Amino acid sequence: MKAYFDLLTACLLFSAQFIFTKLFSKKTKGDLQSGLVNGAVIAVVMALYLMPMNGFSYSFSRSALIWASVSGLSSVVMTFINVRAMKLGDLSIVTIYMLLGGQIIPFLYGVLWLNEALTAIKLISVVILTVALFPPVIEALAAKKKNGGADNEASGGAKDGGLVFHLLCLILFFGNGMVSVATKAHVISHDAIPDTAFTMLCASEQAVLLVLLLVVFAVRNAVTKREKPVTSVFTDIVKEQPVGAKTMAVLLGISVCYSVCNGVANLFSQSCAHTMDSSIQFPILSAAIIVLTALIGKFVFREKITAAKAISIVLSLIGVVMMIFA
């Protein structure tokens, strides 16, 4: 019973974290710099949060450093893209791309690189998951053709058009898939370090990379715009000028809330993993998040559930559930 309570809590918190990414995108310009600021705060908070859990010490090994770098670089790319994608399109579609990438890419890695068994039901489920990505893209193409090439908000982007939105989502698909591959590759390596230590190493590398990028932006602003380097990095991401301390505190709070949701959700997920098979835990987790984020999108952010989106959600659920029996 405790395992299912832990799983339910993880599902709710993992779903809730997307609320804060969407809120951040709505309160900022939703550009790449906005994503950089959001990701840097999240990564720093996550690294600080994990330090006491790991005894305020770092563990290192060759494979841990390699795969933490792969995970960190993938996460940095996703950081740039995530807020922009949320700005242009629907929360539920972004979630579907990310979750399916986290399942399909590791599946291909396991079959093609690790020589894992390929059963018929596994193959069918992955085909269904792949097909689930197409209905929203087809809808975006149809909407653009109908409007003579004009942008269409309902199809995934009021400003840059539906196809741009889906291209960003595709990057998130591969990025989240590579994070999952890095985690799997590290776990099976001969010199793997404990899970908490590896997670902290990934978060720390990501934080360092993002902070360095913020420094680059700060220097650029000081040289080209003759603005205060540190302040301008944060104030540039907000449409309203001048930006007060209250606005910046709200944005900081949103990023911290995301980090807390993600960190606590991971704790409950890890606790569940001790007593529940991964083949059951992660498909249930993915299915629940897909449903919950669709509901959050509809009732919190007033996003329409179009026919294409409904088909995509249903196909995703079918494919994910089939994974349980694979």
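**Entry 1: Gln-281**

I call a residue buried when its relative accessible area is under 20%. The model I have open is a predicted one, and I began with Gln-281. I found Gln-281 in helix 11, which covers residues 278–299. Is Gln-281 buried or exposed? Its relative accessible area comes out at 0%, so it is buried. I then took the distance to Ser-269, which is twelve residues away along the chain. The two C-alpha atoms are separated by 8.5 Å. Ser-269 belongs to helix 10 and is listed there as buried.

**Entry 2: helix 10**

That took me to helix 10, residues 245–273. I counted 29 residues, with 42 Å from the first C-alpha to the last. At 1.5 Å a residue I would expect 42 Å, and the model is close to that. Which residues of helix 10 are buried? My list runs Met-248, Leu-251, Ile-254, Ser-255, Tyr-258, Ser-259, Cys-261, Asn-262, Gly-263, Ala-265, Ser-269 and Cys-272.

**Entry 3: the second largest cavity**

Next I looked for enclosed space. Rolling a probe the size of a water molecule over the atoms shows where empty space is left. I noted two cavities of 30 Å³ or more in this structure, and I followed up the second largest, which holds about 60 Å³. Which helix gives the most to its lining? Helix 10 does, with five residues. Helix 2 (32–50) and helix 8 (195–225) each bring at least two residues as well.

I wrote down the lining residues: Met-46, Tyr-49, Leu-50, Met-53, Thr-196, Thr-199, Asn-262, Gly-263, Asn-266, Leu-267 and Gln-270. Asn-262 and Gly-263 were already on my buried list for helix 10. Sorted by class, the lining has five nonpolar and six polar residues, and no charged ones.

**Entry 4: aromatic pairs**

How many aromatic pairs does the whole structure have? My search turned up three. In one of them, Phe-5 and Phe-268 have ring centres 6.4 Å apart and planes at 75°, so the pair is edge-to-face. This contact links distant parts of the chain, with Phe-5 in helix 1 (residues 2–27) and Phe-268 in helix 10, 263 residues apart. Phe-268 has 25% relative accessibility, so I marked it as partly exposed.

Another pair is Tyr-58 with Phe-60, and this one is stacked. I read 6.0 Å centre to centre and 20° between the planes. Tyr-58 is partly exposed at 35%, while Phe-60 counts as exposed at 53%, because the cut-off for exposed is over 50%.

One more ring caught my eye. The charged end of Lys-298 sits over the ring of Phe-299, 5.8 Å from the ring centre.

**Entry 5: positive phi in two loops**

I looked up two residues with positive phi that are not glycines. Phe-56 has phi near 55°, and I placed it in the loop between helix 2 and helix 3 (62–88). Its relative accessible area is 64%, so Phe-56 is exposed. Where does Arg-302 lie? It is in the loop between helix 11 and helix 12 (307–324). Arg-302 has a phi of about 55°, and with a relative accessible area of 67% it is exposed too.

**Entry 6: helix 12**

From that loop I went on to helix 12. Its 18 residues should span 26 Å at 1.5 Å a residue, and the end C-alpha atoms are 26 Å apart, so the two figures agree. The buried residues I listed in helix 12 are Ala-308, Lys-309, Ser-312, Ile-313, Ser-316, Gly-319, Val-320, Met-322 and Met-323. I made a note of Lys-309, a charged residue by class on that buried list.

**Entry 7: two more buried residues**

I closed with two spot checks. Ala-132 lies in the loop between helix 5 (120–131) and helix 6 (134–146), and its 0% relative accessibility makes it buried. From Ala-132 to Val-70, 62 residues apart along the chain, I get 27 Å between C-alpha atoms. Ile-93 is in helix 4 (residues 91–112) and counts as buried at 6%. Ile-93 and Pro-194 are 101 residues apart in sequence, with 33 Å between their C-alpha atoms.

Methods
Residues numbered from 1 in each chain as written. Predicted model: local features only at pLDDT ≥ 70, side-chain atom pairs only at ≥ 80, totals over all residues. Heavy atoms only, no water. 1 Å grid on protein atoms, 1.4 Å probe; cavity = no way out; pocket = protein on both sides within 12 Å on 5 of 7 lines; lining within 4 Å. Points joined across faces, edges and corners; volume = space filled by probe spheres on them. Helix = DSSP H or I, 4+ residues; strand = E, 2+ residues; numbered from the N terminus. Phe/Tyr/Trp six-rings, centres within 6.5 Å; stacked < 30°, edge-to-face > 60°. Buried < 20%, exposed > 50% of the residue type's maximum accessible area, 1.4 Å probe, protein only. Lys NZ or Arg CZ within 6 Å of the ring centre and 35° of its normal. Expected span 1.5 Å × (residues − 1).
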